[in-house]
Each structure stands twice: as C-alpha cells, then as structure tokens.
Amino acid sequence: MSAQPRSDASSPGSAAQAPEARLLTEAVTRLRRALRSSIRTDYPWETLPMAQVELLQVLGEHSPARVSDLAARRRLAQSTVSGLIGQMITAGLVARDVDSADRRASVVTLTDAGREKLAAWTTAHERRIHAALAALDDNSRAAIRNALPALFQLAENLDETADSAMDQ
C-alpha cells in the first residue's frame with residue numbers, strides 16, 4: 001500500500017473547495033487502521049474492542065460515571081454503552097456501584113484490572129507510535145510535532161459541532 005494519499009478528485013464527497021478535509025479524513029482513517037493492525041500483530045494479547053478501550057479512557061479521566069454520562073461523552077446510545085459495560089463487568093475491567101449522590105442510580109468505576117489494561121493498551125500504542133515516528137526524518141517528525149496543537153484544536157471544534165448538533 002502506498003504511503004501517499006490518493007489523488008482521485010472524482011471520489012464522492014471530494015469537493016474542490018475542501019481537499020484538506022478529504023486528505024485529513026483519509027490520513028486519520030489510515031493511521032487508526034494501521035495502528036490497530038500493528039498492535040494486533042505486535043501485541044497479540046491485545047483483543048479489547050476499541051469501543052471498550054474508549055470507555056476505559058473516559059473512565060480513566062471521569063470516574064465514577066453514570067452510564068448515561070458515558071453514553072453522552074462517547075455519543076453512543078445508552079443501551080449500547082450498557083451492553084459494553086456489561087461485557088466489561090464480566091471481564092473484570094469495571095465495577096458497578098451505587099451512586100453516593102443518588103442512591104437510586106448506579107455508577108461505573110474502573111477496577112484495578114481495568115486500570116492495568118488501560119495502562120498496558122496506552123503503553124503499547126505509545127511504543128508503536130514512537131517506533132513509527134523514529135523511522136521518519138527530522139523534518140517529518142517536526143511537522144507532526146508542530147501540527148499537534150492544531151489537531152487538538154480541530155478535535156475540540158469537532159466536539160463543539162457535535163455538541164451543538166445534539167442540542168438542536
């Protein structure tokens with residue numbers, strides 16, 4: 001597979017006024033796919049579905065949390081998150097407890113096993129990305145480093161757009 005983006009200007013959604021959007025979409029998709037497959041190759045023990053990893057990440061930052069809050073943060077249906085949480089409880093990654101603020105409700109927290117799994121997942125991905133970055137030349141590494149603040153701002157803009165769409 002070529003390391004260069006496709007230049008097919010006739011592909012659906014490739015409006016002439018937004019080639020950067022198309023190329024960035026392609027780059028992000030390829031990065032996620034490459035990272036996912038390289039992790040599975042280099043670390044065969046890593047079988048956690050991405051949806052569960054994302055819930056572990058949210059819980060790592062905001063724990064304890066209600067299922068409804070997790071669903072809102074991940075922009076998923078509450079029933080989907082409930083199903084994922086059920087699988088994660090069975091796997092010992094999270095625990096369900098009574099919400100101390102409202103004893104009628106429950107909250108989800110990371111277990112020690114969940115924290116360990118999240119830390120191992122994060123370490124494996126950082127190690128893999130570090131190796132890929134090390135294979136780049138200095139200019140390419142500098143370009144990526146310089147683009148990071150803008151990429152974080154882009155993610156914030158996307159989150160704000162999604163939030164305002166949900167409010168309507």
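# Exercises on salt bridges, helix packing and a surface patch

Arg-141 has a relative accessible area of 24%, so this residue counts as partly exposed. The model used in these exercises is predicted.

**Exercise on a bridge within one helix**

Determine which side chain meets Arg-141 in a salt bridge, and where the two partners lie.

*Solution.* Begin with the side chains: Asp-138 and Arg-141 meet in a salt bridge, with a distance of 2.2 Å from N to O. Next, place both partners: Asp-138 and Arg-141 belong to helix 6 and stand 3 residues apart, which is about one turn of the helix. Finally, consider how open Asp-138 is: because its relative accessible area is 55% and exposed means over 50%, Asp-138 counts as exposed.

**Exercise on bridges between parts of the chain**

The structure holds 7 salt bridges; take the one between Arg-32 and Glu-54 and work out which elements it joins.

*Solution.* The first step is the contact itself, in which the side chains of Arg-32 and Glu-54 come together in a salt bridge of 3.6 Å, N to O. The second step is to locate the partners: Arg-32 sits in helix 1 and Glu-54 in helix 2, so the pair ties together parts that are 22 residues apart in sequence. The third step is accessibility, where Arg-32, at 42% relative accessible area, is partly exposed, while Glu-54, at 18%, is buried.

Now find how far apart in sequence Arg-66 and Asp-99 are, and say whether Asp-99 is buried or exposed.

*Solution.* Arg-66 and Asp-99 form a salt bridge whose closest N and O atoms are 2.9 Å apart. This pair links distant parts of the chain, since Arg-66 is in the loop between helix 2 and helix 3 (67-74), whereas Asp-99 is in strand 1 (residues 94-99), and 33 residues separate them. Asp-99 has a relative accessible area of 10%, and because buried means under 20%, it counts as buried; Arg-66, with 28%, is partly exposed.

**Exercise on two crossing helices**

Decide how helix 2 is oriented relative to helix 5, and which residues make the contact.

*Solution.* Start from the axes: those of helix 2 (residues 50-61) and helix 5 come within 10 Å and cross at roughly 110°. Because angles of 65 to 115 degrees count as roughly perpendicular, helix 2 is roughly perpendicular to helix 5. The contact is built by Met-50, Val-53, Leu-56, Gln-57 and Gly-60 of helix 2, together with Gly-114, Lys-117, Leu-118 and Trp-121 of helix 5.

Then look at Val-53, a residue of helix 2, which counts as buried at 1% relative accessibility. Not counting residues up to four places away in sequence, Val-53 touches Leu-48 and Trp-121. From Val-53 to Gly-114 there are 61 residues in sequence, but 9.6 Å in space, C-alpha to C-alpha.

**Exercise on the nonpolar surface**

Identify the residues of the nonpolar surface patch and the elements that give two or more of them.

*Solution.* The patch covers about 740 Å² and is made by Leu-24, Val-28, Leu-136, Ile-144, Leu-148, Leu-151, Phe-152, Leu-154 and Leu-158. Two elements give two or more residues to it, helix 1 (19-42) and helix 6 (138-167), and helix 6 provides the largest share, 6 residues. What remains is to place Leu-136, which lies in the loop between helix 5 (112-134) and helix 6; with 31% relative accessibility, Leu-136 counts as partly exposed.

How values were computed:
Residues numbered from 1 in each chain as written. Predicted model: local features only at pLDDT ≥ 70, side-chain atom pairs only at ≥ 80, totals over all residues. Heavy atoms only, no water. Patch = residues over 30% accessible without salt bridge, like charges linked within 9 Å, V, L, I, M, F, W, Y side chains within 5 Å. Areas by Shrake-Rupley, 256 points an atom, 1.4 Å probe, with all protein chains shown as cover. Salt bridge = Lys/Arg side-chain N within 4 Å of Asp/Glu carboxyl O. Helix = DSSP H or I, 4+ residues; strand = E, 2+ residues; numbered from the N terminus. Buried < 20%, exposed > 50% of the residue type's maximum accessible area, 1.4 Å probe, protein only. Axes fitted to C-alpha atoms, helices over the stretch in contact; angles between N-to-C directions. Parallel < 35°, antiparallel > 145°, perpendicular 65-115°, else oblique. Contact = heavy atoms within 4.5 Å.
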